[in-house]
Amino acid sequence: MRTLQLANTHVPIIGQGTWQMGEASTRHKEEVAALRQGIDLGMTLIDTAEMYAEGGAERVVGEAIAGQRDKVFLVSKVYPHNASHKGIPEACERSLHRLKTDHIDLYLLHWRGQFPLEETVEAFERLRESGKIGRWGVSNFDVDDLLELNAPACATNQVLYNLEQRGIEFDLLPWCQRHIMPVMAYCPIGQGGKMLANATLKQVAARHGVTPAQVSLAWLLRQDGVIAIPKAVRPEHVRLNAQAAQLQLEAGDLEALDQAFHAPKRKQRLAMV
Ligand SMILES: NC(=O)c1ccc[n+]([C@@H]2O[C@H](COP(=O)([O-])OP(=O)(O)OC[C@H]3O[C@@H](n4cnc5c(N)ncnc54)[C@H](OP(=O)(O)O)[C@@H]3O)[C@@H](O)[C@H]2O)c1
């Protein structure tokens, strides 16, 4: 698995998302198994959040990483309404309890909320000093938010980025690359939806003998400073996603994909789901 440097350490460029895990007890076993399979295949960065299934996804992650915590780079996120002096340490304790660990490697503000950014940053820094988190970062921040944040200590920005949602290429992605702040692309395969049925994407995939989802991951990962965090429960999906790190797209593929999915020509409002 290829890696890049994030938060003073090397992390795999393909991690594992967990949104919609932990929602149904009937799926618990297969979700835990999928994350373990992904860890075995080198996708050792796991992204979760207190929001996902209101703690349910963190519980699934806690079980998946039991006995192998040291192999995993754990990312979780705090709700904006908890991102205060008082709320952040309390939310972090609850997450740690569900994750059954004593530290989170990277703790993110899920999106901007009502609390001043300075207050959130101070609370993050206190958690970092106490060892409860390794580093902190943000999610769903546009360039103006990052300028206002004005914090070189911010380790990442997790944003919506895939072939259909290329708005960040106009300004946010270059800004993050200039500031050596890796971007974590969420919904990297368009939530497994209509994007994967695009005829050009299918042609490129067929040319390489791979799947459209693998091409969509390789397309993101050909760029510096980009990590993708696909979520997969089906074992076949987990396997295919891990393999996508090896796929090299050619100039002709990139041109065809540019024709099918247009790059932004002007500033676009940051897309979110
Ligand atoms: N910061 C934020 O605001 C934010 C917002 C959204 C998401 N996220 C994070 O980003 C992660 C990824 O986003 P996402 O879960 O919304 O969407 P996604 O990863 O783009 O897509 C997940 C869907 O694609 C399917 N899939 C996975 N691998 C596949 C493959 N190789 N071929 C075909 N289908 C495949 C999955 O099916 P199976 O599960 O059935 O295998 C699932 O239905 C989330 O899980 C979460 O951790 C963050």
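## The annotated span

The C-alpha atoms at the two ends of residues 14-259 lie 26 Å apart. Helix makes up 41% of this span and strand 13%. Helices (H or I, at least four residues) and strands (E, at least two) are DSSP runs, numbered from the N terminus. An unreviewed UniProt entry lists residues 14-259 as "domain: NADP-dependent oxidoreductase". Such annotations may be inferred rather than shown by experiment.

This is a predicted model: local features need pLDDT of at least 70, side-chain atom pairs count only at pLDDT 80 or more, and totals for chains, interfaces and linings use all residues. Residues are numbered from 1 along each chain as its sequence is written.

## Around the ligand

The ligand has 27 residues around it. G17, Y186, G192, A213 and K231 come nearest. A residue is near a molecule if its C-beta atom, placed from the backbone, lies within 6 Å of it.

Helix α9 (residues 235-243) gives the largest share of this shell, 3 residues. The shell holds 12 nonpolar, 12 polar and 3 charged residues. Ala, Val, Leu, Ile, Met, Phe, Trp, Tyr, Cys and Pro count as nonpolar, Asp, Glu, Lys and Arg as charged, and the others, Gly among them, as polar.

## Helices α3 and α4

The axes of α3 (residues 87-99) and α4 (residues 117-130) come within 9 Å and cross at roughly 45 degrees. Therefore α3 is oblique to α4. Oblique covers angles that are not under 35 degrees, over 145 or 65 to 115.

From α3, the contact (C-beta atoms, placed from the backbone, within 7 Å) uses I88, P89 and C92. From α4 come T120, A123, F124 and L127. These contact residues divide into 6 nonpolar, 1 polar and no charged.

Key. Axes are lines fitted to C-alpha atoms, for helices over the stretch in contact, and angles run from 0 to 180 degrees between N-to-C directions. Two residues are in contact if their C-beta atoms, placed from the backbone, lie within 7 Å.
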